[in-house]
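Let's take a walk through this protein together, one piece at a time. Keep the picture beside you and find each residue as it comes up.

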Amino acid sequence: MNQHSFRHIVVMGVSGSGKTTVGETLSPLVGLEYRDGDDMHPQSNIDKMAAGIPLNDADREPWLKQIGQWLADRPEGAMVGCSALKRQYRDLIREYCPSVVFVHVHGDFDVLYERMQHRPGHFMPASLLQSQFDTLEPLENDETGRVFDVTRPASDIAGDAAEWIKTGA
């Protein structure tokens, strides 16, 4: 990696956007450990989502702090999948890890809803997808990140994201 490469990455997007698939594909391309942020949710959040109840900001705050701290605890770099839907959520992660950048995997509601209908064994029901789209605030101009179209194969997204991460531009 050169001095311009990004070392702390959040693969962000609404549920069903392919954060885990892209993150797991991207991880070896850039030599960074990947962790699925879903595994960091407290059980109370998982139970709430599994019951079809959207999380609120108070539910998300401890989870986002944990994600930011997990990244900050890895000075060599790391990558995590996390919805990071609102600017304030991304800002909270940045409080712990100021160097974090965002790979936003994004697509059309109908495409993602269809994917979620066929995703076995996940606690997040497709019925909550609209609440995620309602909450989503796109990356702002002063946030370091790029948007990648989820209709492309995960390997292509990961390849393009790796190039962006390695060059830092």
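E76 sits in the loop between helix 3 and strand 3. This is a predicted model, so treat every value here as computed from the prediction. With a relative accessible area of 47%, E76 is partly exposed. Leaving out residues up to four places away in sequence, E76 touches R7 and L32. How far apart in space are E76 and V11, C-alpha to C-alpha? They are 17 Å apart, with their positions 65 residues apart in sequence.

Now for the sheet. V11 stands opposite V103 in strand 4. Strand 1 (residues 8-12) and strand 4 (residues 101-106) run parallel and are paired over 4 bridges. In general, strands of a sheet pair through backbone hydrogen bonds, either parallel or antiparallel. Zoom out and you'll find 5 strands in an open sheet, ordered 2-3-1-4-5, with parallel pairing. Which strands stand at the edges? They are strand 2 (34-36) and strand 5 (145-149); each has a single partner strand, so one side of each is left without a neighbour in the sheet. From one strand to the next, the twist averages 20°.

Next, look at what lies over the sheet. Helix 3 lies across strand 1, strand 2 and strand 3 (78-81), and runs at about 160° to strand 3. Helix 3 (57-72) is also part of what covers the buried residues of helix 2. Those buried residues of helix 2 (residues 43-50) are N45, I46 and M49. They cover an arc of only 100° around the axis, which puts them on the same side of helix 2. Just after helix 2 comes G52, which takes a positive phi of about 85°.

Time to go inside. In soluble globular proteins, nonpolar side chains tend to be buried together. Here, the largest nonpolar core has 45 residues, and V10 and L71 touch the most other members. Strand 1, helix 1 (19-30), helix 3, strand 3, helix 4 (87-96), strand 4, helix 6 (129-135) and helix 7 (154-167) each supply at least two residues of this core. Which of them gives the most? Helix 7 does, with 6 residues. As for L71, its contacts beyond four places in sequence are H8, I9, V10, A78, M79, V80, I93, C97 and V100.

S83 is another spot to find, in the loop between strand 3 and helix 4. Is S83 buried or exposed? S83 is buried, at a relative accessible area of 9%. Not counting residues up to four places away in sequence, S83 touches M12, G13, K19 and W63.

Finally, the charged side chains. A search of the whole structure finds 12 salt bridges. Here are three of them, with the N to O distance for each.

| Salt bridge | Distance |
|---|---|
| D59 and K48 | 2.6 Å |
| E140 and R87 | 3.0 Å |
| R94 and D91 | 2.6 Å |

Start with D59 and K48. This pair links distant parts of the chain, with D59 in helix 3 and K48 in helix 2, 11 residues apart. D59 is buried, with a relative accessible area of 17%, whereas K48 counts as partly exposed at 22%. The cut-off helps here: buried means under 20%.

What about E140 and R87? E140 lies in the loop between helix 6 and strand 5 and R87 in helix 4, so the pair ties together parts that are 53 residues apart in sequence. E140 is partly exposed, with a relative accessible area of 39%, while R87 counts as buried at 17%.

The third pair stays within one helix. R94 and D91 are 3 residues apart in helix 4, so about one helical turn separates them. R94 is buried, with a relative accessible area of 17%, and D91 counts as partly exposed at 28%.

Which residues are linked in a network of salt bridges? They are R87, R90, D91, R94, E140, D142 and E143. Try tracing that network on the picture, starting from R87 in helix 4.

Technical notes:
Residues numbered from 1 in each chain as written. Predicted model: local features only at pLDDT ≥ 70, side-chain atom pairs only at ≥ 80, totals over all residues. Heavy atoms only, no water. Buried < 20%, exposed > 50% of the residue type's maximum accessible area, 1.4 Å probe, protein only. Arc of directions from axis to C-beta. Contact = heavy atoms within 4.5 Å. Pairing = 2+ DSSP bridges. Axes fitted to C-alpha atoms, helices over the stretch in contact; angles between N-to-C directions. Core = buried A, V, L, I, M, F, W, Y, C linked by side-chain atoms within 4.5 Å. Salt bridge = Lys/Arg side-chain N within 4 Å of Asp/Glu carboxyl O.
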